[in-house]
Amino acid sequence: MLRHIKHALFPFALVLVALTGPFVLEPFDLVNLSAFSAMAIAALGLAFAWGTLGILNLGHSVFFGIGAYAYAIAVSNFGDSTLAVLIGTMLPVVFSLVLGSCLFFSRLGDVYLGVITLCVTLIFYSFMTSTADPWFHIGRVPLGGFNGVTAIPSLNMPANPQASLSTEATFSICLLALAGAHVLLSLVRSSDAGRIMTAIRESELRSELLGYDIRFYKLVGFALSAAIAGFGGTLYTAMMGFVSPSVFDLPQASQFVLWVIAGGLGTFVGPVVASFAFQLLSSQLGANQVFNTELIFGATIVLFVLLAPQGLQPMIARIANLKLTYRFGIFRPKEKAA
Amino acid sequence: MSGFPILATRGLVKRFGGVAAVDGVDLVVDVGEIRCLIGPNGAGKSTLFKCLTHQHQPTSGHVLFEGRDLQGLPTHRIARRGIAIKNQIPSIYANLDVRENIRLAALRRNLTKRELDSVVDLVLAEIGFDNLQAKRPAATLSHAHRQWCELGMLLASNPRLALLDEPTAGMTRDEMLKTVDIIKRLNARATVIVVEHDLEFIARLAQKVTVLHRGKVLVEDSMERIEANETVRDIYLGRKKDTAHAEG
């Protein structure tokens with residue numbers, strides 16, 4: 001019981017922020033935090049695929065980007081954001097099933113999988129930057145090449161395209177969605193299927209010898225992570241009002257990886273916190289123009305790998321555990337902290 | 001059960017480049033048997049096991065399990081047919097606790113939640129793990145306990161045929177005796193084929209022993225007769241002249 005309460009604490013805190021935020025925060029902060037949440041949702045997708053299933057997907061941004069573009073094109077054409085969010089979530093799933101079939105059925109090793117997925121997102125980047133010609137259009141939306149798609153309508157009330165949602169309402173939706181994604185992935189991870197996925201991460205050979213079709217589980221998990229990333233992409237685009245090929249580029253792809261490593265591979269709370277922290281840092285640094293943000297991120301990733309290879313969440317858990325031991329003399333086996 | 005032997009291989013061959021690690025093996029094992037497979041290093045014992053579970057694809061020949069050809073089946077489908085294997089190199093979920101290891105093995109059997117729990121409890125008792133040990137990550141176990149954990153996974157998966165590749169390697173005598181006990185429990189439910197070098201272990205378990213040499217079946221007999229067999233003694237000691245004689 002206590003464990004359940006502990007697990008519900010984080011999503012509960014998010015819900016609390018979602019409901020109280022509009023009354024205490026400035027509109028500028030609301031917009032920023034909404035965008036951060038959308039990114040954090042996408043990061044959760046990678047935290048699941050990599051942390052739970054062991055799929056080292058360096059090109060997670062491809063799902064995020066497809067979701068973002070799908071939303072932009074759909075909402076500009078149809079005018080209704082609800083359907084656009086749905087399309088932006090499902091299209092990455094379709095793409096992940098095609099890509100995943102190629103990757104998992106050919107039994108690629110970790111490193112090759114990482115390289116190929118990274119290449120896939122860079123191919124999308126390269127393609128989207130070369131669509132400046134008006135010939136590249138879907139419906140009445142030109143893809144816009146390097147400038148991307150602009151003037152994208154934001155979220156509206158379901159089935160009522162005229163009623164655009166306020167900044168406050170969008171903020172609440174983004175944070176509630178983040179809490180929802182967190183709960184959904186936590187439930188999947190603790191289900192029997194999720195435990196089999198964890199087992200596959202631990203040993204593919206043993207799982208196969210026990211009779212589990214590892215390609216099937218990987219494909220399903222990959223598709224789920226794509227759906228979450230695409231969903232994050234739709235919210236992000238709805239917030240920003242534009243999308244450009246940079247959603248597919250190398251800095252974007254590496255950011256998701258950085259957040260998951262820094263937050264703690266195999267955890268969900270850590271990557272969310274890390275994504276907020278790094279985006280905050282990025283916007284501050286970007287405003288100052290003193291340092292090159294990518295340089296800072298590169299240094300951070302090196303530091304994390306060297307000093308806290310397990311990431312923030314496991315590290316904090318261990319420190320908290322040590323303090324408890326010191327204070328109350330409670331002996332808890334080390335493994336529990338991790 | 002039908003009149004078929006549980007396992008029959010016909011002219012099974014596995015080549016690695018020019019080397020035939022398994023070179024035309026015809027092996028028949030009957031239901032309920034506990035068969036020991038012995039042979040010097042490089043005789044093809046482990047490769048044979050891997051061919052049976054399609055961890056290696058056989059170059060040619062057939063494997064019939066309960067009379068049905070396994071050709072073309074992927075490894076997980078063979079496991080679903082009822083063949084469980086413990087490879088020579090231990091393969092367990094190192095970062096998961098023992099109970100979770102056992103549970104994952106039983107999970108595939110479509111049991112109710114209550115049945116699943118009781119199967120896991122039963123298996124933990126059979127391999128002699130108390131509650132505290134069952135909660136430890138498998139990586140923190142001693143060598144022998146890891147082997148027992150893997151045997152426990154085989155017990156929990158309820159196979160009809162269990163292949164054990166050197167289950168007592170590196171064990172003390174007491175640990176070996178405990179392993180014999182676990183394997184007897186396994187044999188009460190399943191046919192067992194076991195690769196071993198420990199003669200006492202074989203004497204305690206096997207009714208029938210198959211000697212493999214250079215990828216072929218050399219002799220198949222009771223343990224006493226095998227021990228008395230000059231050819232078998234020669235190949236273990238590496239006397240070449242007599243080996244050639246045996247093959248000729």
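Strands, in this account, are DSSP runs of E of at least two residues, numbered from the N terminus. The model is a predicted one. By that definition, Val194(B) belongs to strand 8 of chain B, and this residue offers a convenient point of entry into the structure.

Is Val194(B) buried or exposed? A residue is buried if 20 or more other C-beta atoms lie within 10 Å of its own; Val194(B) has 25 C-beta neighbours inside 10 Å and therefore counts as buried. Apart from neighbours within four places in sequence, Val194(B) is in contact with Cys36(B), Leu37(B), Leu164(B), Pro167(B), Ile183(B) and Leu205(B). By contrast with these contacts, the C-alpha atom of Asn131(B), 63 residues away along the chain, is separated from that of Val194(B) by 29 Å.

Two of the contacts of Val194(B), Cys36(B) and Leu37(B), lead to strand 3 of chain B, which spans residues 34-38. Cys36(B) has Val194(B) as its bridge partner in strand 8 of chain B. Strand 8, comprising residues 191-195, runs parallel to strand 3 of chain B, and four bridges join the two. Strand 3 of chain B is also joined by four bridges to strand 9 of chain B, residues 208-213, again in parallel. In that pairing, Val211(B) of strand 9 stands opposite Ile38(B).

How is strand 3 of chain B covered? Five of its five residues are buried. In a regular strand, side chains alternate between the two faces of the sheet. In strand 3 of chain B, Ile34(B), Cys36(B) and Ile38(B) lie on one side, Arg35(B) and Leu37(B) lie on the other, and all of them are buried, leaving both faces covered.

Attention now turns to chain A and to the largest nonpolar core. This core holds 174 residues, among which Ile41(A), Ala43(A), Leu44(A), Leu178(A) and Val260(A) touch the most other members. Helix 2 of chain A, residues 27-51, supplies the largest share of the core, 15 residues.

Helix 2 of chain A packs against helix 10 of chain A, residues 250-263, at an angle of about 65°, with the axes 9 Å apart. Angles of 65 to 115 degrees count as roughly perpendicular, and the two helices are therefore described in that way. Their crossing is right-handed. Helix 2 contributes Ala42(A), Ala43(A), Leu46(A), Ala47(A), Trp50(A) and Gly51(A) to the contact, while helix 10 contributes Phe256(A), Trp259(A) and Val260(A). Beyond four places in sequence, Val260(A) touches Ala43(A), Leu46(A), Ala47(A), Trp50(A) and Gly51(A), together with Leu265(A) and Pro271(A).

Technical notes
Residues numbered from 1 in each chain as written. Chains lettered and ligands numbered in written order. Predicted model: local features only at pLDDT ≥ 70, side-chain atom pairs only at ≥ 80, totals over all residues. Core = buried A, V, L, I, M, F, W, Y, C linked by C-beta atoms within 7 Å. Buried ≥ 20, exposed ≤ 12 C-beta atoms within 10 Å, placed from the backbone. Contact = placed C-beta atoms within 7 Å. Pairing = 2+ DSSP bridges. Axes fitted to C-alpha atoms, helices over the stretch in contact; angles between N-to-C directions. Parallel < 35°, antiparallel > 145°, perpendicular 65-115°, else oblique. Left-handed = near helix turned anticlockwise from the far one by under 90°.
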